[in-house]
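The following questions and answers set computed values against the definitions that give them their names.

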Amino acid sequence: MGDAGGRRYGPGSSIDDLCRACKMERRHTVLAAATDGRPARVVCDTCGSQHNYRGGVRSAPEHGAAPVREREVAVSDPTPDDLRSLERLLRRVLREEGGFTPVAPAEKWRGGELVLRPGRPELQEKSWPIDTFFHKVVMLRNRLRVLEQQINAAGLPDDVKVKLQGYVTACYGSLTSFNVLFADDADRFRGSGGSD
């Protein structure tokens with residue numbers, strides 16, 4: 001079926017869409033498409049932001065407004081409320097588009113310290129706030145999720161996708177030791193067995 005013109009799209013195809021980051025209609029590259037050829041996820045060729053396909057270029061502006069490309073936006077000095085609203089909006093967009101969710105460490109670890117003590121007493125130990133370490137573990141988990149999405153969206157043969165997915169799953173399995181840090185069981189790493 002494809003788009004309104006009947007064209008079928010696949011990963012790597014070019015298509016025009018409204019870029020959320022640029023706030024303009026831009027040329028995009030299709031990252032993932034539905035089985036019927038409709039684009040599902042795209043990346044802006046201008047700014048590199050990824051988002052779900054929004055339906056392409058609008059043929060007629062609503063109520064006589066200028067096309068997005070030609071419209072100018074007046075920006076005044078933002079108030080603190082504007083900045084807080086913008087920050088909330090950006091966090092929501094990042095969560096929705098990137099698949100990221102807010103993650104909290106388990107209560108017993110909050111404010112704690114991670115200490116690495118060498119096997120020889122004359123060497124100095126190293127310590128970090130657990131919150132900093134936890135943040136790095138969550139970033140690693142999120143990047144593995146994005147890698148998984150990229151593998152699924154790539155135009156690779158199924159056997160190659162399965163092999164790469166196996167490596168990602170093995171990485172999750174290797175990281176299950178860090179599950180003690182997570183407050184919510186749903187946020188934890190899961191290997192091929194699906195349990196900690």
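Axes are lines fitted to C-alpha atoms, for helices over the stretch in contact, and angles run from 0 to 180 degrees between N-to-C directions. The model is predicted: local features need pLDDT of at least 70, side-chain atom pairs count only at pLDDT 80 or more, and totals for chains, interfaces and linings use all residues. Residues are numbered from 1 along each chain as its sequence is written, and side-chain values use heavy atoms, with hydrogens and water left out.

Q: What makes helix 2 roughly antiparallel to helix 3?
A: The axes of helix 2 (residues 130-153) and helix 3 (residues 158-174) come within 10 Å and cross at roughly 170 degrees. Angles under 35 degrees count as roughly parallel, over 145 as roughly antiparallel, 65 to 115 as roughly perpendicular and the rest as oblique. The pair is therefore called roughly antiparallel.

Q: Which residues make the contact of helix 2 with helix 3?
A: With contact meaning heavy atoms within 4.5 Å, helix 2 contributes Arg141, Leu144, Arg145, Leu147, Glu148, Ile151 and Asn152, and helix 3 contributes Lys161, Leu164, Gln165, Val168, Cys171 and Tyr172.

Q: Why is cysteine 44 called buried, and cysteine 171 partly exposed?
A: Buried means under 20% relative accessible area, exposed over 50%, and partly exposed in between (1.4 Å probe, protein chains only). Cysteine 44 has a relative accessible area of 3%, so the term buried applies. Cysteine 171 has 35%, and therefore counts as partly exposed.

Q: Why is there no disulfide at cysteine 44?
A: A disulfide is a pair of cysteine sulfur atoms within 2.5 Å. The closest cysteine sulfur to that of cysteine 44 is in cysteine 19, at 3.8 Å, which is too far for a bond. The structure holds 0 disulfides.

Q: How do you know that arginine 41 is buried, and what joins its side chain to asparagine 52?
A: Arginine 41, in strand 3 (residues 39-44), has 16% relative accessibility and therefore counts as buried. A polar contact of 2.9 Å joins the side chains of arginine 41 and asparagine 52. Such a contact is a pair of N or O atoms within 3.5 Å; within protein, one must be able to donate a hydrogen and the other to accept it, and residues adjacent in sequence count only if both atoms are side-chain atoms.

Q: What makes histidine 51 buried?
A: The relative accessible area of histidine 51 is 1%, so histidine 51 is buried. Its side chain is joined to that of histidine 28 by a polar contact of 3.0 Å.

Conventions
Helices (H or I, at least four residues) and strands (E, at least two) are DSSP runs, numbered from the N terminus.
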